[in-house]
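Hi everyone, thanks for coming. I'd like to walk you through one structure today, so have a look at the screen.

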Amino acid sequence: MSMSPAKMIIYGSVLFTGSISLSYFIIQKTYSRGLYYKLALEQLQNHPEAQKALGPPVNIHYLKLTGKDNFVDIADAKLKIPVSGSKSEGHLHVHSTRSGPFHRWHLNEVFLELKDGQQISVFNLSGENGDDVKKE
């Protein structure tokens, strides 16, 4: 039983599109399961000024994977996480590092940039804003 070339192209296109969508979903899940991502969201949830600026409820959206804003390698992670609330929206900028491939991630800086340009420091390793996180 042979298949016509048109059907082969249609089936191939559907398979290709499904594969790309699945890959995109898997990459999103990989980022969202990373400790660098979880620590940043925890800081956002515990920061009253950022919560007030966004307005409840705070929603976390998918990362834009095609841009250069999201980068993770063995020792460095930089993310730009889209967030929104009832009052405003913006991006949570995250910079996190670790000393080696199997070591724990530590936040260096997290700040919220709202769409109006306002920036709210959520966490800074230097402790300039008084938000400290235990280093293990």
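Before we start, one term: when I say buried area, I mean the accessible area, with a 1.4 Å probe, that two parts lose on being put together, summed over both. And keep in mind that what you're looking at is a predicted model.

Okay, the overall layout. The domain assignment splits the protein into domain 1, residues 1–33, and domain 2, residues 35–135. Going by C-alpha atoms, the centres of domain 1 and domain 2 are 32 Å apart. So how much area is buried between domain 1 and domain 2? About 820 Å², with carbon and sulfur atoms giving 63% of that. On the residue level, seven residues of domain 1 are in contact with 10 residues of domain 2. As for salt bridges across that interface, the rule finds zero.

Now the beginning of the chain. An unreviewed UniProt entry puts a "transmembrane region" at residues 6–27. In the model, residues 6–27 are 100% helix and 0% strand, and the C-alpha atoms at the two ends sit 32 Å apart.

Next up, the core. The largest nonpolar core has 25 residues, and the ones touching the most other members are Leu79, Ile81, Leu92, Val94, Val110 and Leu112. Helices H2 and H3 and strands E3, E4, E5 and E6 each put in at least two residues. Which of them gives the most? That's H2, with six residues. In general, nonpolar side chains in soluble globular proteins tend to be buried together.

Let's zoom in on Val94. Skipping its neighbours within four places in sequence, Val94 is in contact with a list of residues that includes Tyr36, Ala40, Leu79, Ile81, Leu107 and Val110.

On to charges. The structure holds one salt bridge. You'll find it between the side chains of Lys80 and Asp69, at 3.7 Å from N to O. Lys80 is in strand E3 and Asp69 is in the loop between E1 and E2, so this pair ties together parts that are 11 residues apart in sequence. Lys80 is partly exposed, at 24% relative accessible area, and Asp69 is partly exposed too, at 40%.

One last thing to look at is a peptide bond. Most peptide bonds are trans. From Pro56 to Pro57, though, the bond is cis, with omega near -10°. If you want to find Pro57 on the screen, look in the loop between H3 and strand E1.

That's my tour, happy to take questions.

Technical notes. Residues numbered from 1 in each chain as written. Predicted model: local features only at pLDDT ≥ 70, side-chain atom pairs only at ≥ 80, totals over all residues. Heavy atoms only, no water. Core = buried A, V, L, I, M, F, W, Y, C linked by side-chain atoms within 4.5 Å. Buried < 20%, exposed > 50% of the residue type's maximum accessible area, 1.4 Å probe, protein only. Helix = DSSP H or I, 4+ residues; strand = E, 2+ residues; numbered from the N terminus. Contact = heavy atoms within 4.5 Å. UniProt positions renumbered as here; feature names shortened; annotations may be inferred. Domains from an automatic or database assignment. Salt bridge = Lys/Arg side-chain N within 4 Å of Asp/Glu carboxyl O.
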